[in-house]
Amino acid sequence: MSCIDDKLGVQLLQPVIGVAIGALVLLSKWNEIWYRVTNKSLPLPPGTMGWPIIGESIPFMKYGADFITAHRTRHGNIFKTHLFGKPAVICTDTSVNKYILSSESKGNFLLGYPQTFFEMMGKWSTFSLYKSEHKAMRGAFISLVNGPVLRDRILTKIDEFMQSYLHNWSDKILDMQKKSNELILLLILKLVASKKENIASTKELEEGLHQVFLAFFAPAINLPGTKYNKGLKARRKLVQMFGNIIEERRASVCNRHNDMLDTLLENSEYSKDCVIQFTDEQIIDQIFGIVLSGYATTSYVLMMAVKYLYDHPHVKEALRKENLEIRKGKPEDYSINWDDYKSMSFTRAVVMETLRMSSLPGFFRRTTEDAEIKGDTT
Ligand code: HEM
């Protein structure tokens with residue numbers, strides 16, 4: 001009797017397994033079938049689109065550059081995928097990327113970061129705005145870091161800061177990743193708001209920024225313990241922190257600090273097309289953008305610079321020689337100026353090469369209508 005039951009069970013199980021496998025195969029191809037059927041105008045680029053809704057977001061987030069390299073090897077420089085709930089095309093072709101960035105003003109390629117990224121950056125961040133508002137906020141940002149400001153204010157401040165920060169580093173074993181993060185965060189606070197914080201007092205800020213970074217590309221599930229939820233909470237705390245800095249500045253007896261906050265509070269008009277009286281909310285988002293964008297990128301590049309110099313001691317020696325040369329005959333606390341920097345051709349070459357090797361500049365854009373790129377629809 002039990003032998004007959006077993007046989008019946010196996011006979012019933014086989015079609016169930018078959019249907020389940022068929023359903024899984026169909027689901028794994030669902031996105032590709034769906035977009036092929038609904039898009040008849042031009043062929044889509046080669047590539048795979050993963051599972052419904054999540055697409056290939058998980059391997060993309062997990063493997064990053066390796067995901068892109070593996071797909072590029074299989075499908076070429078332009079391939080389709082499905083990321084953060086939307087169909088996407090990844091393009092590693094320099095000339096096409098140049099074309100996309102230069103077409104921005106025509107309005108057919110707009111910023112296309114996932115919704116969570118916009119939410120974390122804030123609605124007044126340059127990453128969240130379009131057209132005249134974007135132009136105005138970007139103008140405000142450029143006014144803080146343009147050539148003359150870099151030359152007359154920022155360079156000297158950076159040099160002074162580095163001299164005081166590095167003075168007790170010699171003959172020590174240091175965790176460069178940790179040190180680069182600390183150094184860049186303290187430097188940004190100095191440049192933005194003349195803050196002379198110590199490392200202990202930036203711990204909360206560092207932790208908050210970390211939570212916000214983790215939430216950038218996380219699913220927008222607002223439940224206790226999710227990355228998105230933690231990111232939102234951290235953002236609220238940071239907004240409060242930056243708000244307090246503005247309040248402190250307004251209450252300050254010293255009128256001029258010569259920093260980015262001074263410029264943001266004093267200047268309210270940046271564009272002929274769009275006159276904006278910056279509110280505190282806008283200034284906070286602007287500071288937020290500078291701290292976030294500047295911190296994550298520059299601390300990584302700095303850490304890599306140290307690694308490259310360690311790997312190439314002859315470059316380190318030549319760099320050292322040029323830097324010592326420029327300070328020869330000058331007082332010990334001499335801060336280098338723009339002319340000094342311009343004359344340091346080897347140092348500048350090292351900076352450029354480090355940026356080239358360590359940066360992974362990528363950008364997200366969305367198309368406002370189907371675009372044909374090298375014969376495929378994007
Ligand atoms: C090695 C260092 C850096 C790298 C590799 C880097 C990379 C990038 C890239 C690729 C973009 C374009 C994003 C897009 O258009 O979608 C961008 C934009 C931006 N970055 Fe950086 N960045 C660096 C340093 C900084 C620093 C130090 C700051 C702040 C002082 C900063 C502030 C910004 C801002 C505000 C934008 C948005 C500009 C706009 O809306 O047009 N970045 N960055």
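**Exercise 1. What distance separates the centres of domain 1 and domain 2, taken over C-alpha atoms?**

Solution. Keep in mind that we're working with a predicted model.
- Start by marking out the two pieces: domain 1 covers 2–92, and domain 2 covers 131–358.
- Now take the centre of each over its C-alpha atoms; the separation comes out at 41 Å.

**Exercise 2. Work out who surrounds the ligand, and which helix supplies the largest share of the shell.**

Solution. Let's go from the residues to the helices.
- There are 16 residues around the ligand, and those that come nearest are T126, S293, G294, T297 and F363.
- Next, look for helices that give at least two residues to the shell: α6 (131–145) and α12 (280–311) each do.
- The largest share belongs to α12, with 7 residues.
- Finally, sort the shell by class: you get 8 nonpolar, 7 polar and 1 charged residues.

**Exercise 3. Describe how α7 packs on α8: are the two helices oblique or roughly parallel?**

Solution. Geometry comes before side chains here.
- Helix α7 runs over residues 147–166 and helix α8 over residues 176–193; their axes come within 11 Å and cross at roughly 135 degrees.
- Angles over 145 degrees would count as roughly antiparallel, and 65 to 115 as roughly perpendicular. The crossing angle fits neither range, so α7 is oblique to α8.
- As for handedness, this crossing is right-handed.
- On the α7 side, the contact is made by I154, K157, I158, F161 and Y165, while α8 brings L183, L187, K190 and L191.
- Class by class, that contact has 7 nonpolar and 2 charged residues, with no polar ones.

**Exercise 4. Repeat the analysis for α13 and α15: which hand does the crossing have, left or right?**

Solution. Same recipe, new pair.
- Take helix α13 (residues 313–327) and helix α15 (residues 345–358): the axes come within 8 Å, and they cross at roughly 135 degrees.
- That angle makes α13 oblique to α15.
- Check the hand: the crossing of α13 and α15 is left-handed.
- Now list the partners. From α13 you have V315, A318, L319, E322 and N323, which meet F346, T347 and V350 in α15.
- Sorting the α13 and α15 contact by class gives 5 nonpolar, 2 polar and 1 charged residues.

Methods. Residues are numbered from 1 along each chain as its sequence is written. This is a predicted model: local features need pLDDT of at least 70, side-chain atom pairs count only at pLDDT 80 or more; totals for chains, interfaces and linings use all residues. A residue is near a molecule or strand if its C-beta atom, placed from the backbone, lies within 6 Å of it. Helices (H or I, at least four residues) and strands (E, at least two) are DSSP runs, numbered from the N terminus. Ala, Val, Leu, Ile, Met, Phe, Trp, Tyr, Cys and Pro count as nonpolar, Asp, Glu, Lys and Arg as charged, and the others, Gly among them, as polar. Domain bounds come from an automatic or database domain assignment. Axes are lines fitted to C-alpha atoms, for helices over the stretch in contact, and angles run from 0 to 180 degrees between N-to-C directions. Angles under 35 degrees count as roughly parallel, over 145 as roughly antiparallel, 65 to 115 as roughly perpendicular and the rest as oblique. A crossing is left-handed if the near helix is turned anticlockwise from the far one by less than a right angle, and right-handed if clockwise. Two residues are in contact if their C-beta atoms, placed from the backbone, lie within 7 Å.
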